[in-house]
Amino acid sequence: MMHIRNATTDDAPLLAALIAAANQDVARRFGLDAANCPKHPSFCTTEWILADLDRAVTYFIAEDDGAAVGCVALEHADGNMAYLNRLAVLPGQRRKGTGWRLVRHVLDHAARLRVRSISIGIIAAHTELREWYGRRGFIEGETKSFPHLPFQVTYLMRAVDTGSDRADT
């Protein structure tokens, strides 16, 4: 049975391994490596997670029968805005609703914090992911280029509401 729990600093190695493993296919698909994109999640380290936790980023872990299968992070930017980061589901666990459960969990948590909108940045050329978020109420915003990234980033945003987005899709 699926369960989502808050992560602690003790979970940092688990989170780093989970995020790295879940993003390997994206790194291969877009030709990302430690030389051209060292901060891609496929290279996630325990130190990254600990630094996030030190900045008050909240991580959640999805477990299925006690085994970690996915995670997500929420960074509360200010009173009205938060960032959804590090959504990761292990490849063998995808297409089972885990990603959407994690996103809903973040939306619920953000609502309790009185956040009004959630933003995420994704690889612009990752069409399937952009469409996946679109089906879950995220609206596509601007696309930007950054000199340190070998891809463009598209930002998506979703209003945080209560009670109207309960259906698994």
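## Contacts around I118

Two residues are in contact when heavy atoms lie within 4.5 Å of each other. With that in hand, look at I118 in this predicted model. Leave aside the neighbours within four places in sequence. I118 is then in contact with L74, M81, A82, L84, V106, L107, A110, F138, L156, M157, R158 and V160.

One of these partners is L84. L84 and I118 are 34 residues apart in sequence. In space, their C-alpha atoms are 6.4 Å apart.

## The largest nonpolar core

The largest nonpolar core has 24 residues. Which of them touch the most other members? They are L84, V103, I118, Y133 and F138.

Several elements each supply at least two residues of this core. The strands are β2 (58–64), β3 (67–76), β4 (81–89) and β5 (117–123). The helices are α3 (98–112) and α4 (127–134). The largest share comes from α3, with six residues. Another core lies apart from this one. That other core has 18 residues, including A7, A16, V57 and Y59.

## L84 up close

L84 sits in strand β4. Is L84 buried or exposed? L84 is buried, because its relative accessible area is 1%, and the cut-off for buried is under 20%.

Which residues does L84 touch, not counting those up to four places away in sequence? The list is V72, A73, V103, V106, I118, S119, I120, Y133 and F138. Among them, V103, I118, Y133 and F138 are named with L84 as touching the most other core members.

## An aromatic cluster

A search of the whole structure finds two aromatic pairs. W132 and Y133 form an edge-to-face pair. Their ring centres are 5.0 Å apart, with 85° between the planes. Both W132 and Y133 are buried.

Y133 and F138 also form an edge-to-face pair. Here the centres are 5.0 Å apart, and the angle between the planes is 75°. F138 is buried, as is Y133. Ring pairs thus link W132, Y133 and F138 into a cluster.

## Cysteines without disulfides

How many disulfides does the structure hold? It holds zero. A disulfide needs two cysteine sulfur atoms within 2.5 Å.

Start with C37. The closest cysteine sulfur to that of C37 is in C44, 13 Å away, so the gap is too far for a bond. Next comes C71. Its sulfur is 8.0 Å from the closest cysteine sulfur, again in C44, so this gap is also too far for a bond. C37 is buried, with a relative accessible area of 2%. C71 is buried too, at 0%.

## The largest pocket

How much space lies in the largest pocket? The volume is about 1,600 Å³. The pocket is lined by 49 residues. Closest to its centre are N23, L87, G121, I122 and L129.

Seven elements need naming here, each giving two or more residues to the lining. They are α1 (12–29), α2 (46–54), β4, α3, β5, α4 and β7 (152–159). The largest share of the lining comes from β4, with seven residues.

## Loops

Two loop residues have a positive phi although neither is a glycine. D65 has a phi of about 50°. D65 is in the loop between β2 and β3. R114 has a phi of about 65°. R114 is in the loop between α3 and β5.

Are D65 and R114 buried or exposed? D65 is exposed, because its relative accessible area is 68%, and the cut-off for exposed is over 50%. R114 is exposed as well, with a relative accessible area of 69%.

L90 is another loop residue, placed between β4 and α3. L90 is partly exposed, with a relative accessible area of 23%. L90 touches L18, A21, A22, A68 and V69, not counting residues up to four places away in sequence. L90 and A67 are 23 residues apart in sequence. Their C-alpha atoms are 11 Å apart in space.

Notes
Residues are numbered from 1 along each chain as its sequence is written. This is a predicted model: local features need pLDDT of at least 70, side-chain atom pairs count only at pLDDT 80 or more; totals for chains, interfaces and linings use all residues. Side-chain values use heavy atoms; hydrogens and water are left out. A nonpolar core is a set of buried Ala, Val, Leu, Ile, Met, Phe, Trp, Tyr and Cys residues joined through side-chain atoms within 4.5 Å. Buried means under 20% relative accessible area, exposed over 50%, partly exposed in between (1.4 Å probe, protein chains only). Helices (H or I, at least four residues) and strands (E, at least two) are DSSP runs, numbered from the N terminus. Rings of Phe, Tyr and Trp (its six-membered ring) pair if their centres lie within 6.5 Å; planes under 30 degrees apart count as stacked, over 60 as edge-to-face and the rest as tilted. On a 1 Å grid over the protein atoms alone, a cavity is a set of points where a 1.4 Å probe fits but cannot get out, and a pocket is an open set with protein on both sides within 12 Å along at least five of seven lines; lining residues have an atom within 4 Å of a point. Grid points are joined across faces, edges and corners, and a volume is the space filled by probe spheres set on the points.
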